[in-house]
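Student: Could you take me closely through a single part of this model, one strand together with its surroundings, and connect what you find there into one account?

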Amino acid sequence: MLALCVFAAVFNYISTSTEVCTNALLPGAKGDQGAIGEVGEEGKLGKNGPPGLSGVLGEMGLVGEVGHTGKMGPIGERGIKGDPGYIGLAGFKGKPGTTCDCSRYRKVVGQLDVNVGKLRNAVKFLKNVILGLKETEERYYLLVKESKRFGEASMNCKLRGGTLAMPKTSETNQLMAEYVSQAGLMRVYIGVQAQSNDTDGVFADSSPLQGFTAWSQEEELNSPVSPHTNSSCVELLRSGTWSHVECEAAMFFISQQ
């Protein structure tokens, strides 16, 4: 019991004491400067810094060699025609030609003319007899012996590469009339359509009826087309006269190319 009291008294004294015991050492005086060490290894390159100011312009260098020729550019516009040049001097006189023995060449040309005539007659026979074509200096005309309405006949001619025949002159009209008569027919469709009256009609190529018409006397007396019928289509009679006809009527027709 007495020992505990003595221990407590000693502990209490130590804890209340202001003096603290430490192991810290006080710094001494500064020593002499040591020797400089060896140069170390080169360090890594840093990032590129900002560009500096532009330097002074240097002297111009020497002219280099000529480069390769580039591609041809686009052709320019045509220039203005220049003035004609002076007439040149006359050339030297040529050597005299040799005498031509043309008799055999004349025979060859003559035989060619005979052959061409035979060929022309053969073509004419083919067109008139076999194909049934009639022709002028400008057109061929074909009598199509297929009964069709006016619109169908017009389309049939277009499919053949032509149109319904258009008699724009008295000579052409007479040729067509003889064509119809020789075929033993009475009437055919032609490429003419009337409008309010005979003078306001048009051909199949939309050109107006001007210069020539061949209306019959009956048509001239009763020229206006009836608004209640579709009689604006035109037929060619074997006599060579024109007449109105219903467009729905089916008959033969003449096509031209």
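Tutor: Buried here means under 20% relative accessible area, computed with a 1.4 Å probe on protein chains only. The model is a predicted one, and by that cut-off strand E7, residues 242–245, is covered on both faces, with Trp242 and His244 buried on one side and Ser243 and Val245 buried on the other. The partner of E7 is strand E6, residues 233–237, and the two pair in the antiparallel sense over four bridges, with Leu236 standing opposite Trp242. Four residues lie between the strands of this hairpin, and among them Gly240 takes a positive phi near 100 degrees.

From the strand one can follow the side chains into the nonpolar interior. Trp242 belongs to the largest nonpolar core, which has 21 residues, and it is listed with Val188, Val192 and Ile254 as having the most contacts inside that core. Strand E2 (140–148), helix H4 (170–182), strand E4 (187–193) and E6 are the elements that each give two or more residues to this core. Apart from it lies another core, of eleven residues, and Val245 is one of its members, as are Val144, Ala153 and Leu164. Ile254, for its part, when neighbours within four places in sequence are left aside, is in contact with residues including Tyr141, Leu143, Met176, Val180, Val188 and Tyr189; Leu164 is also among the contacts of Ile254. Taken together, then, Trp242 on one face of E7 and Val245 on the other are both buried, with Trp242 counted in the core of 21 residues and Val245 in the separate core of eleven.

Methods. Residues are numbered from 1 along each chain as its sequence is written. This is a predicted model: local features need pLDDT of at least 70, side-chain atom pairs count only at pLDDT 80 or more; totals for chains, interfaces and linings use all residues. Side-chain values use heavy atoms; hydrogens and water are left out. Buried means under 20% relative accessible area, exposed over 50%, partly exposed in between (1.4 Å probe, protein chains only). Two strands pair if DSSP finds at least two bridges between them. A nonpolar core is a set of buried Ala, Val, Leu, Ile, Met, Phe, Trp, Tyr and Cys residues joined through side-chain atoms within 4.5 Å. Contact means heavy atoms within 4.5 Å.
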